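I open this entry to keep a record of what I looked up in the structure below, beginning with its nonpolar packing and ending with the confidence scores.

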Amino acid sequence: MTAELGAFALALALALSLAQAGLSAAARLTRGPVLARAGEGAAVAAFAAVLIAFLALMNGFLTSDFSIANVAANSHTEKPLLYKLAATWGSHEGSLLLWCLWLTGFGAAAALFGKALPQGLKAVALSTQGVLGVLFLAFAVFASNPFARLGEAPIEGRSLNPLLQDPALAFHPPILYGGYVGFSLVFSFAIAALVEGRIDAAWARWVRPWTLAAWSLLTVGITLGAFWAYYELGWGGWWFWDPVENASFMPWLAGAALLHSAIVTEKRGALGGWTVFLALLAFSFSMLGAFLVRSGVLTSVHAFAVDPKRGVMLLAILGVAAGVGFALFAWRAPRLQPGGVFAPVSREGALVLNNLFLAVAAATVLVGTLYPLMLEAATGQTISVGPPYFGLTFIPLMSAAMLILPAGPLLAWKRGDLKGALQRLTVAAGIAILAAVAVLALNDWKKAFSALGVGLGVWLVCGAVAEVAERVRLFRAPTAESWRRLKGLPRGAWGTTLGHIGLGLFALGACVETGWKVEASEVLAVGDRLAVGEYRLTLERSGVAQGPNYLAERGVLTAEKGGRTVCTVAPERRFFPAGRQTTTEVGLCFRGLSDLYVVFGERRQTPSGQPGWVVRAYWNPWARLIFLGPLLMAIGGLVSLSDRRLRLAAAPRPSGSTPPAEARA
Amino acid sequence: MRRLLLALAALACIAAAGDPSERLADPAQEARARALYREIRCVVCQNESIDDSEAEVAGLIRQSVREQIRAGRTDAEVRAYLVDRYGEFVLLKPALSPANLLLWGAPAALLVLAGGLLMWRARRAPAQIGAEPLTEEEEARIAALTGDPEGRHRFAPSSPSKSVRRSRRKQ
């Protein structure tokens with residue numbers, strides 16, 4: 001019964017989204033406040049209806065209702081509760097429902113919290129969001145119904161892919177989708193700005209919080225995915241430049257560029273057209289990602305729920321939404337009044353350079369992802385574009401962006417003093433060069449690129465710290481004065497600092513892990529040893545363990561360094577009878593920022609003829625920074641989001657009752 | 001228990017390129033082989049290199065590459081052999097060929113194009129922009145904020161639209 005309720009709620013949501021689009025559009029045409037309120041009401045109601053549908057599907061999974069085709073295909077009675085819950089979004093249909101939930105959720109949030117928005121802008125944005133809702137909900141209702149019943153319910157379900165039964169991956173899709181779909185509201189605001197013909201500081205101030213929220217969610221989502229790949233796939237890789245990863249990375253890059261260009265539009269009224277373009281681009285990349293992941297046009301490790309027929313429909317949605325958006329842009333953008341002018345050497349100039357590199361980097365990822373497809377369509381020739389290509393193109397572009405990054409925040413708006421900014425960065429540059437030279441001296445020339453990367457990471461971290469030191473006049477003013485200034489720094493500034501430090505830490509972690517990773521593998525009998533880096537592993541014992549829905553073979557190993565036992569790990573090989581699949585459960589030993597990573601393999605005879613197991617171990621130096629860095633970037637985004645200046649614009653403002661002092665703060 | 005052991009035994013090895021039984025005796029040759037593996041695609045897999053893949057075909061290609069390296073072939077010769085057998089699809093690093101010109105040239109071309117456009121725009125004398133009049137809505141809001149319907153001419157609260165106007169006036 002709940003499944004029918006869910007199906008009904010989903011259809012209702014479609015009707016409500018249609019009403020939202022129609023009523024809000026009518027409200028804009030007639031400037032009628034009653035129609036506008038009705039449109040807002042429809043937006044909130046559409047969200048409520050999708051939420052009911054979502055909960056109904058979740059209920060189907062929790063109660064293992066195998067008469068629902070989706071539940072039968074993706075669940076199993078023996079699966080732990082968390083993964084029954086997570087299976088709700090583990091399939092094509094379920095994840096599309098999650099997509100619709102976020103889409104209508106963002107629309108409802110704009111309707112509820114957007115009281116201070118100009119009426120016309122708000123009505124057009126809500127109408128656009130309603131149209132997007134109609135497109136995706138219609139797809140869900142007519143082509144991807146998650147509530148379809150089976151004629152005959154099976155006794156047992158087919159279970160979720162065991163690789164996906166992992167805490168990091170249970171929460172990865174909801175957060176990732178929050179990011180993907182968060183850009184939909186930014187897209188709607190961009191359409192509204194083009195329709196209204198007004199892109200100014202007020203508009204940028206409106207768009208920035210939503211961009212920050214979507215981008216931070218996307219950052220956390222991608223990081224969770226990378227972390228999952230790192231410890232679940234069993235060889236310690238965390239980024240493969242796989243088409244599906246690229247699909248999530250393109251909106252991230254566009255979003256990062258948008259965050260920065262929106263600052264220029266907000267503070268200086270410049271770059272309005274470009275900011276709108278990026279706002280359209282970010283969600284277009286999100287939709288492109290949805291298409292690539294689900295259509296099966298690209299082979300990928302993550303390819304899931306591949307269905308070419310439905311892929312074509314997603315392509316049509318992408319074509320309609322992005323096509324209309326960019327056509328509107330081409331028509332209206334030339335009429336936009338250019339904003340404030342600035343000298344090439346200025347904060348605006350630095351942010352333009354940042355956008356240049358981020359945009360070209362995003363285009364590179366796009367070309368690398370789609371080129372094999374286009375070449376095959378054009379000539380029939382099949383090629384592969386893998387990590388070496390991106391290493392030679394994307395990484396130099398981002399390195400150049402990182403090289404100029406620390407100077408940006410130290411330049412003044414409008415006309416900056418480059419010499420002064422560089423002087424303030426002397427100490428940071430000195431430390432960075434020293435670090436790179438020290439790394440090079442301790443290693444041979446083969447590590448030159450790694451040394452350069454370490455130098456860049458240190459440069460970013462020290463540069464961000466130098467900027468704070470400059471802002472509080474550290475050592476140049478009395479300590480009390482510096483402390484007072486430090487406390488007075490706006491949260492937006494802290495967000496910038498945290499974000500840039502996070503990027504630097506990520507660069508450090510990625511370079512050190514890639515450059516100095518140690519791998520070792522051997523067939524070990526109980527009592528045998530394996531040396532990896534400075535550590536010695538001993539296989540103490542092995543045994544069999546029974547999990548809730550799997551059987552496992554487990555090895556217990558102790559790690560020693562310098563004759564002292566530092567930790568014990570228990571890696572497993574798990575066998576899931578439901579899907580007849582095995583997974584590896586890695587044994588991780590945290591050593592500060594580094595990991596000792598142990599994989600327990602299959603049975604095999606040792607060279608001396610004893611029964612043994614293949615054990616593989618990696619020493620992954622500073623691997624934690626690869627995940628902590630992006631996390632810090634996301635925290636930076638959220639700190640920036642909590643800035644009063646954004647909140648003031650975002651929160652409902654009772655007219656007339658706000659004292660001037662409050663408005664000026 | 002027997003079921004488990006049978007099931008685990010029946011499954012392919014998990015060690016991929018690190019499998020101790022596959023290794024070459026000479027560490028320098030082994031390092032070369034591993035570096036090559038990262039550039040070669042497991043042709044039946046979903047976008048994995050043969051270094052990472054546990055598929056049987058990947059194991060066979062690894063073996064073939066190791067044998068060729070032991071026989072003293074150069075990296076280029078090994079690559080040529082694999083392309084001959086499996087097509088260009090097997091290379092994760094596409095060749096620098098006319099067909100791939102767009103692929104390899106796009107990043108640099110875009111950077112130069114966009115950078116050039118920016119420089120050209122920066123050189124052009126910026127047009128003077130006059131202060132844009134406020135809309136009725138904005139005037140009403142300023143009046144509400146200041147509590148004085150005429151106050152907007154004397155008092156400049158830091159409402160966003162006003163600060164834009166101020167910055168424009170500076171030019």
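**Cores**

I looked up the largest nonpolar core (buried Ala, Val, Leu, Ile, Met, Phe, Trp, Tyr and Cys residues joined through C-beta atoms within 7 Å) and found 205 residues, those with the most contacts inside it being A:Val186, A:Leu253 and A:Ala279. Buried here means that 20 or more other C-beta atoms, placed from the backbone, lie within 10 Å of the residue's own. Helix α8 (residues 201-232) of chain A supplies the largest share of this core, 20 residues; helices (H or I, at least four residues) and strands (E, at least two) are DSSP runs numbered from the N terminus. Apart from this core lies another of 22 residues, including A:Leu539 and A:Tyr597.

**Basis**

This is a predicted model, in which local features need pLDDT of at least 70 and side-chain atom pairs count only at pLDDT 80 or more, while totals for chains, interfaces and linings use all residues. Residues are numbered from 1 along each chain as its sequence is written, with chains lettered from A and ligands numbered from 1 in the order in which they are written.

**Chain A**

I noted 21 helices and ten strands in chain A. Buried residues make up 57% of its 665 residues, and its C-alpha atoms fill a box of roughly 85 × 75 × 55 Å along the principal axes.

**Confidence**

The model scores ipTM 0.84 and pTM 0.88. For chain B the mean pLDDT (the predictor's confidence in each residue, from 0 to 100) is 75, and 70% of the residues reach 70 or more. Among the elements of chain B, helix α7 (residues 160-170) has the lowest mean, 43, and helix α4 (residues 75-86) the highest, 93.

Definitions and conventions
A residue is buried if 20 or more other C-beta atoms lie within 10 Å of its own, exposed if 12 or fewer, and partly exposed in between; C-beta atoms are placed from the backbone.
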